[in-house]
Amino acid sequence: MMDLKNLTIKKFNKGLVKKEFSAFEITKAFFDLIKSRDKEIGAYLRLSENTALERAKIVDAELNSNSKLSILAGIPLAIKDNILIKGEITTAASKILENYKASYDATVIKKLKNNGAVFLGKTNMDEFAMGSSTENSAFQKTRNPRDSERVPGGSSGGSAAAVAADMAVAALGSDTGGSIRQPANFCGVVGLKPTYGAVSRYGLIAMASSLDQIGPITKTVEDAAILFKEISGKDKFDATSVDIKYNDESPYINYVGDELLNPNFEKIKKLKIGLPKEYFIEGLNKETQKAVQETIENLKKSGFEFKEISLPRTKYALSCYYIIMPAEVSVNVARFDGIRYSRIQNSIRPSADKIQNLRDIYLKTRGEGFGDEVKRRIILGTFVLSSGYYDTYYSKAQKVRQMIKHDFEKAFQEVDVILTPVSPTPAFKIGEKTSDPLQMYLEDIFTIPVNLAGLPAVSIPTRTKGLPIGFQLIGKHFREADILGIGQWYERN
Ligand code: GLN
């Protein structure tokens, strides 16, 4: 029987094909482990044991009939609870969606299903993906598997914790300002935020549509490449999704092809790496600084060339994000009105609640259904979009966003990839930052500029002992192959 610890997609696939175990056995073993281990961690909101075991059986039957299987066949995955799986409750960790059953599959789920993947359950998160510690979930806390006093990061904290605690081979998360990379960083796993448009957002409960992307959380960079390859591509249900086809004249070299899974390390080692001076600042935690510096030294020793660069508008990124993001949030969550998506008959008793008109329903369901952080962002977003303040805040922030993007474009004329810390500190204690939203917002200072510019970035664990500390590699648009290539090189050397 395969040891679930350190079980990767790659290893699972090899073992399955050689019939060292069945998909059913492994899936069963995962549920046994989850039932004991997750009492302490709290990574999962719901499990889908029956459907998962059914799907595993189908994969085993296909294998026995000698059909050719996808590399993802039978792989037990954890899915963040803002990604729709048809027929399953999907709450985005919000009370307002407590009873919502998804009526269709997200495109990423459809793709994974077509490849025979198995879904173990839905993972905990900050409500509607708003937060950096998973403490904003309306349902439960999640603990960091590496230190149970500490948060797993967020908002994809449940997915990162599930992978780090070996309660899934890999997971999907979503990243609007760092929600894949930061929890991966805190839990000591790999997290990839793809280029905006590389992965369809259809069936992802929207937070801020111009920033959101779905991406993999995995144990290895290689696994992140495997999952990314399968979930990416053009989708007719998401007009912002694109297909980058291989073409020698194209500025983008194909990410869908071989390069992603079998990087040409000769080529990879010629990539020039930029170090933005604005990211190596005083406020940076000492251990983080040290771990990232050691990684840089190691890469230098192996022959990678580094260059100091400047991203001068970095200091405006956080303010810019906290105008654009809430503006989009306020529009996106307007659809949760207590009538659609959630069943008002379960929560409202018209006479006892003194409901007389539609407005009363809105006030009651939204007042009770949304948590404080969601309300804070609705109010902020409505304010910056209001007619008197639109020009002062929102349209200014859009201009600043363009300038931040321009900074990256300029930097990418000098270097191919950018290396930075992921977060200013390692995982903090549960409760440490809940009383001060601004402290919490600062967590994302190194990840947010990437979303504003629509770039791909991956968080990879350094080899430091103690609490996990990762480093971030940021690539050019649609050059996931570069950052995952360096990552795969690092992982093998
Ligand atoms: N922590 C950031 C926020 O609260 C990012 C969240 C995310 O990426 N979904 O907005």
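This is a quick walk through the ligand site and the nonpolar cores of one structure, which is a predicted model.

Okay, let's start with the ligand. Where does it sit? The space it takes up is the largest cavity. There are 15 residues around the ligand, and the ones that come nearest are Thr176, Gly177, Ser179, Tyr321 and Asp444.

Now the polar contacts, since I know you'll ask for distances. Ser179 puts a polar side-chain atom 2.7 Å from a ligand oxygen. On the nitrogen side, a ligand N atom is 2.8 Å from an N or O atom in the side chain of Ser132. Gly178 joins in through its backbone: a polar atom there is 3.3 Å from an oxygen of the ligand. And how much of the ligand does the protein bury? Taken alone, the ligand exposes 290 Å², and 100% of that is buried by the protein.

Right, on to the packing. The largest nonpolar core has 89 residues. Which members touch the most others? Those are Tyr44, Ile83, Val108, Leu112, Leu419, Leu473 and Leu484.

Let me zoom in on Leu484. If you skip its neighbours within four places in sequence, Leu484 is in contact with Leu192, Val221, Ala224, Ala225, Leu260 and Val458.

There's also another core, lying apart from that one, with 53 residues. Leu84, Phe128, Tyr394 and Ala411 are among its members.

That's my tour, so over to you for comments.

Methods:
Residues numbered from 1 in each chain as written. Predicted model: local features only at pLDDT ≥ 70, side-chain atom pairs only at ≥ 80, totals over all residues. Heavy atoms only, no water. Core = buried A, V, L, I, M, F, W, Y, C linked by side-chain atoms within 4.5 Å. Buried < 20%, exposed > 50% of the residue type's maximum accessible area, 1.4 Å probe, protein only. Contact = heavy atoms within 4.5 Å. Near = heavy atom within 4 Å. Polar contact = N/O pair within 3.5 Å; in protein donor to acceptor, adjacent residues only side chain to side chain. Areas by Shrake-Rupley, 256 points an atom, 1.4 Å probe, with all protein chains shown as cover. 1 Å grid on protein atoms, 1.4 Å probe; cavity = no way out; pocket = protein on both sides within 12 Å on 5 of 7 lines; lining within 4 Å. Sits in = over half its atoms within 2 Å of the grid points.
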